[in-house]
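Subject: Structure handover

Hello,

Here is the structure I promised to pass on. Please open it first, then read the notes underneath.

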Amino acid sequence: MITPALPAPRGKGDKRSASLDESITAWALAARHGDADAVEHFVRALQRDVQRYVAHLCGDPQAADDLVQDTFLRALGSLHRFEGRSSARSWLLSIARRAVIDSYRYAAARPRLSDVPDWRLAIELAQPIDLPGFEDGVALLDLLASLPDERREAFVLTQMLGLPYAEAAEASDCPIGTVRSRVARARATLTDLLAEADEPAVATV
């Protein structure tokens with residue numbers, strides 16, 4: 001198995017990311033006033049982030065697309081309450097998280113007819129297998145699967161989706177210090193797993 005390097009910690013000075021977040025938030029504020037073009041820009045800019053986030057949280061890949069659609073329907077229906085006090089990205093991801101939680105509650109209230117593949121399969125199937133780095137990406141997903149849910153969520157939000165810690169805390173509904181701790185522990189665990197994977201196998205007699 002090819003072992004991927006961990007994503008580098010994201011600094012505070014990512015101007016491009018900050019500029020994009022400002023644009024997305026501006027589109028959300030314009031969309032609340034009925035600007036159809038702003039709605040389209042807002043959805044297109046965040047659709048992939050929501051898809052990745054939901055896929056990491058959701059245990060049913062068959063439901064991931066429905067959850068993404070549900071997230072945007074909820075968001076568009078609530079835009080009149082969005083005032084731009086936080087970034088539109090973190091606001092939308094918090095809605096996505098609630099959509100996933102609600103889906104779990106709904107599923108728990110009715111009989112489960114059959115088992116479904118885990119969340120990793122949804123990510124793997126969504127990746128073009130002929131692109132460079134595909135095997136590395138699958139390897140990282142295997143490692144992420146070993147993390148507790150809360151640490152995996154914090155790692156995905158900050159290291160893969162690029163949210164600042166404050167916005168990740170808002171999206172996951174927990175204190176910023178908790179997010180920092182979860183990310184640090186996730187990185188330490190992943191680093192140890194990568195080191196173990198790189199060690200040569202010892203032949204047993």
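Which residues line the largest cavity? They are Tyr53, His56, Leu57, Asp149, Arg152, Glu153 and Val156. Keep in mind that this is a predicted model.

**The cavity**

The count comes to one cavity of 30 Å³ or more. The volume of the largest cavity is about 40 Å³. Two elements each give two or more residues to its lining: helix 2 (36-57) and helix 7 (149-160). Helix 7 gives the most, with four residues. By class, the lining has three nonpolar, one polar and three charged residues.

**The core**

The largest nonpolar core has 45 residues. Phe42, Val50, Val54, Leu93 and Leu157 have the most contacts inside it. Many helices feed this core. Those that each supply at least two residues include helix 1 (15-31), helix 3 (61-78), helix 6 (134-144) and helix 9 (176-198). Helix 2 and helix 7 are also among them. Helix 4 gives the most to this core, with eight residues.

**Two residues to look at**

Start with valine 54. Leaving out residues up to four places away in sequence, valine 54 touches Ala64, Leu67, Val68, Ala96 and Val100.

Then turn to aspartate 49, which lies in helix 2. Is aspartate 49 buried or exposed? Its relative accessibility is 12%. The cut-off for buried is under 20%, so aspartate 49 counts as buried. With the same sequence neighbours left out, aspartate 49 touches Arg89, Leu93 and Leu161. Leu93 is also one of the core residues with the most contacts.

Best wishes

Notes: Residues numbered from 1 in each chain as written. Predicted model: local features only at pLDDT ≥ 70, side-chain atom pairs only at ≥ 80, totals over all residues. Heavy atoms only, no water. 1 Å grid on protein atoms, 1.4 Å probe; cavity = no way out; pocket = protein on both sides within 12 Å on 5 of 7 lines; lining within 4 Å. Points joined across faces, edges and corners; volume = space filled by probe spheres on them. Nonpolar A, V, L, I, M, F, W, Y, C, P; charged D, E, K, R; others polar. Buried < 20%, exposed > 50% of the residue type's maximum accessible area, 1.4 Å probe, protein only. Contact = heavy atoms within 4.5 Å. Core = buried A, V, L, I, M, F, W, Y, C linked by side-chain atoms within 4.5 Å.
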